[in-house]
Amino acid sequence: MTCGEAVSAYLFRAIGVGERLLPSNDIGICEQAILIGSGVMWNIYFALFAVILGFFAATALALGKFDGGKFTKKFCELFIYFFRGTPLFIQFFFAYELFVLLPRLSIDIPLGFTTITAETRWFTRAWLGAAIVLFLNTAAYSAEIFYGALRAIPRGEVEAGAALGLSRWQRFRLIVWPTMLRLAWPSYTNEAIFLFHATTLVYFSSFPAWQQKGDALYYANYFAEKTFNPFIAYPIVAAYFIAVTLFLIFVFGRVNKRLTRHIF
Amino acid sequence: MFEFCTDPKSLETFQWFSCYLTTPKHMSMYYSLFTVVALILLTAPFGLMFGFMGAFASRSKNMIIRILGKGYTSIVRGVPDIVFFLFVPIALDQAIEFIRHKTLCWDVTEPIWRGNDFVVCRAAKMPLSEAAVWTHDVYGFLLAVVAFAFVFGAFCSNVLAGALKSVPRGQIEAGRSMGLGERQIRRLIEVPQMWIYALPGLSNLWQLLIKSTPLLFLLGVEDLVYWARELGGSKTSAYAYSHADWRLAYFTVLLLFYLLVTSISQRGFERMRKRLARGQNFSGAS
Amino acid sequence: MILKSLGTTLGVMALTATVAMSDTVRMGTEGAYPPYNFVNDKGEIDGFERELGDELCARAELECVWVKNEWDSIIPNLVSGNYDTIIAGMSITEERDAVIDFSDAYFPSDPSAYVGLAGADPALINGVVAAQINTIQASHVASSGAQLMEFASPDETVAAVRNGQADTALADKAFWEPIVAESNGELEFVGEDIVLGAGIGVGVRESDGELKAKFNTAIASMKEDGSLNTIIKKWFGEDAATFE
C-alpha cells in the first residue's frame, strides 16, 4: 500500500470512515502513522469534552467548597476527595461495571425536523461513558486548584469592590473570577495536559472498542501486536502526543497572557 | 484454609464466604498488595535519584549534558506515562539480553533478530529459562520499577529544578562570600534548603505515583487490578466456588483501598511540611 | 563456559538446539479460558491444556514450567523469548502461521458458536457481536459485516451479552457449553455453528524447529495410543470432537 492509498483508507478510520478492515500484513510505516494519527482524534475529543465541561463544573465545585452552605460544602468536599483520592484507571473499570447495570431505556428527543432516540446503553460506549468519567475526574482536580486560588485572593481586592458598591455577582465576575483564574492558570495548564494524556487509558480499561474504532494507543497496541515490533508504533504515538501537548501549552500560554495583560 | 472448606458447595453463606475469601487464589490477591506497596517504596527513591540527575543536568554548564537533561524532563512529561510503561520494559529487557548475548556468546554468528524472532543464546537469557518462577516474577517487577522511576524521575526533575531556583540568592551569595566552592554550595546550602520548596510538588507526585500503580497490570505484573478482574469475573461450576459477575464489588474494594492509602499519605505530608517549615523565614511556617 | 567451548565447534547448533541443553521449557498460557486453561481456586493453572501439556512434556522428556500471560500480548512475548511455547487454545491460522510456527493440532478443528439471550433472533449474528480481541472470532466478525465489539478477556464478552450491550458473542463452542448450560436458560446458542481455523496447536518460535519436532512426536504418540482422545473427552464431554 502506498502512502497515498493509506491516507484515503485510514485517515478517518477511527470514526468509521474508510477501509473497514485494519491492515494485517505488510504493514508499512505510513499505515501506522496515519491510523495512529486518526486515533488521536479520539484523544482530542475526550480531552475537549472533559476540559470544557469540567471547567464550569470545577468553578462551581470550587465556589461550593469555598463559600457554600453546610450541605453544599460537604458535598463538594466529598466529591473532590473521592475523585482525587482514587486512580482514574479503576474509576474507569468501576464506572463501566456500573453503567452496564443501568436499566435499558430509550428516550425520544424531538428536534423539530427529526427525532433522536437517546438510549441509556450509550453510557457503556466510550464516547459517552468514558468521557463522563474523564469529565468528573478533571472537574475534581481543577476544582481543588481553583479552590486553592480562591483562598489566595487578597481580601483587600474584594473589599475594595464592595466599597465601590459592586453587587455580589459583579464582585464575582469582575474581581474574584479573573483573579482566581490568573492565580490558578499555571497549575490548571498542567492539569489539562495530564487529562489529555489520561485519555489514552480509555480503551485499556473496560470500555470496548466498536468496529475497531479506537484512540491512538489502541491502534499502536494493535500494530505492536501485529508486527511484534514496539519500536515503531509507540514512538509514533509519543510524537503525536508531544506535538499536541506543545500546542496545548501554546494555547494556554496565550490565554495566560490575556489574563495577566493588566499586570505587565 | 479452614477444615470445613473441603466441600464448598454444601456450605452456608457465612462459612462459604470465609472459605471463599481465603482460597489460595485470594491469598495471591492479598499478597499482590505487598507488590503494589513495594513498587511505590522502591520507585520513590529511584525516581528521586533520576530527578536529581535530571535537575542538575539541566543546569549544567556543559551544553550536551544540559540538552540531555532538559530533553529527558520535557519529552517524558510530554508523553502519556502508559506509553512508556508499554515500551520501556520491553526495550530494557531486550537491551539487557542483547548485551549479555554479545558478551557471553560472542562466538555465535547467527543473527539475534531472525524475522520476527528475538533469539539470544541460552546463557544470555535474563533470567535463565531454568531459573525458579519467582526469579522471573522479581525480574519483571524490577523492570516495572525502572519504567516507573524513569517516568516519575522526569516529573521529579521538573519539581527539583524549580525548587533549586527558589532558594534565595542571598543564601547562595552568603556561601560564596564565605569562600565555599560550587560543590560545597550545592551540598551545604542548595540541597538542604530546597526541600521546603520542593515538598508540595513532591507530595503531589507521590499521590500521582500511588494512583498510577494500577497500570502495573498492563506490564504483566499481577497486581490488585489483575486479581480483581480475575476473581470478580463470573465462575462456572468448573471452579470450586462458582458465582456470578462480582467485579463491581471487587472494584469497590479497590477504590476504598486506594482512598485509604492516599488519605494516609496526605496526612504524612502535612506533618512533614510543618516540620520542614520550622526555622524557615517562610510564610508557611507556623 | 560449556556454551562457549561448544559454540566454537558447533556454532549454529548450539543456538537452534536451545531446548536440548538443559530442557526447561517455559509454557505460556492465558489462564482465562475454561475449560481449555484457567486458574483454579488454588491459584494454579488448570484445565485441558494443563493436563495435556504436562503429559506432552513428560513424553518429550522436557521439564516444563507454566507461565501466565495476557492474551493480548501472548505472541509478542513468545517471539521476544519470555517463554518458549504458547498452549492457550490458539487456533492455527494462516495469519499467525506467518509469524510463529505451530505443532500439529492437538485439538481438532472446533466449531465456533454465537450465543445470545434466550429467544434471540438468528439474524442477530449480524448485529452487534462481542468477541475477544486478536482472536479468529474477532477477525471473522470484522470481515463478516456485523458490528464488532472487542474485549480483552472472553469473560467480558459473556457479560456484554448478559447485560444486552452486545446482541451475540462469538467464541469457541467448547468455551460456551458450560456457560450456556449453567445460565438457567438465560443464554442460548444462536444460528449455525461455524468452523474457523485448522484446529489448535502448540505455538513455537519459527527458529525453534527442534522444540516443534519434539512436540509433534509427543502429540503423535498420544494420538496413537488414544490418550489424547481420553483427555479431550474428560474435559469437553463424551460428545466432543476427537481424533480418528
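Here are some questions and answers about a predicted model, covering the contact between two chains, one serine and a small sheet.

User: How many residues does chain C bring to its contact with chain B?
Analyst: Let's look at both sides of this contact. Chain B puts in 42 residues. On the other side, chain C gives 44 residues.

User: And what area is buried between chain B and chain C?
Analyst: Carbon and sulfur atoms give 50% of the buried area. In chain B, the residues that lose the most area to chain C are B:Asp117, B:Arg122 and B:Tyr239, together 17% of what that side buries. The total between chain B and chain C is about 3500 Å².

User: Which residue of chain B meets C:Glu156 in a salt bridge?
Analyst: Two salt bridges are counted between chain B and chain C. In the one with C:Glu156, the side chains come to 3.7 Å, N to O. The partner in chain B is B:Arg229.

User: Which element gives the most to the side of chain B that touches chain C?
Analyst: Nine residue pairs are in polar contact across this interface. The elements of chain B that give two or more residues to its side are α2 (24–57), α4 (81–104), β2 (117–118), α5 (133–166) and α8 (224–232). With five residues, the one that gives the most is α4(B).

User: How many residues on that side of chain B are charged?
Analyst: The side of chain B that touches chain C is a mix. It has 17 nonpolar residues and 10 polar ones. The charged residues there number 15.

User: Is B:Ser265 buried or exposed?
Analyst: You'll find B:Ser265 in helix α9 (residues 247–277) of chain B. Leaving aside neighbours within four places in sequence, B:Ser265 is in contact with B:Trp206, B:Gln207 and B:Ile210. Its relative accessible area is 11%, and the cut-off is under 20%, so B:Ser265 counts as buried.

User: Which residue has its backbone oxygen 2.8 Å from a polar atom of the B:Ser265 side chain?
Analyst: Start from the side chain of B:Ser265 and look for the backbone oxygen 2.8 Å from one of its polar atoms. That oxygen belongs to B:Val261.

User: Why do β2 and β4 of chain C each have one side without a neighbour in the sheet?
Analyst: The open sheet has three strands in the order β2-β3-β4 (chain C), with antiparallel pairing. β2 (32–33) and β4 (45–46) of chain C each have one side left without a neighbour in the sheet, because each stands at an edge with a single partner strand.

User: Which residue in β3(C) stands opposite C:Ala32?
Analyst: β2(C) pairs with strand β3 (residues 37–39) of chain C in the antiparallel sense, over two bridges. Opposite C:Ala32, in β3(C), stands C:Phe38.

Technical notes:
Residues are numbered from 1 along each chain as its sequence is written. Chains are lettered from A and ligands numbered from 1 in the order in which they are written. This is a predicted model: local features need pLDDT of at least 70, side-chain atom pairs count only at pLDDT 80 or more; totals for chains, interfaces and linings use all residues. Side-chain values use heavy atoms; hydrogens and water are left out. Contact means heavy atoms within 4.5 Å. Buried area is the accessible area (1.4 Å probe) that two parts lose on being put together, summed over both. A salt bridge is a side-chain nitrogen of Lys or Arg within 4 Å of a carboxyl oxygen of Asp or Glu. A polar contact is a pair of N or O atoms within 3.5 Å; within protein, one must be able to donate a hydrogen and the other to accept it, and residues adjacent in sequence count only if both atoms are side-chain atoms. Helices (H or I, at least four residues) and strands (E, at least two) are DSSP runs, numbered from the N terminus. Ala, Val, Leu, Ile, Met, Phe, Trp, Tyr, Cys and Pro count as nonpolar, Asp, Glu, Lys and Arg as charged, and the others, Gly among them, as polar. Buried means under 20% relative accessible area, exposed over 50%, partly exposed in between (1.4 Å probe, protein chains only). Two strands pair if DSSP finds at least two bridges between them.
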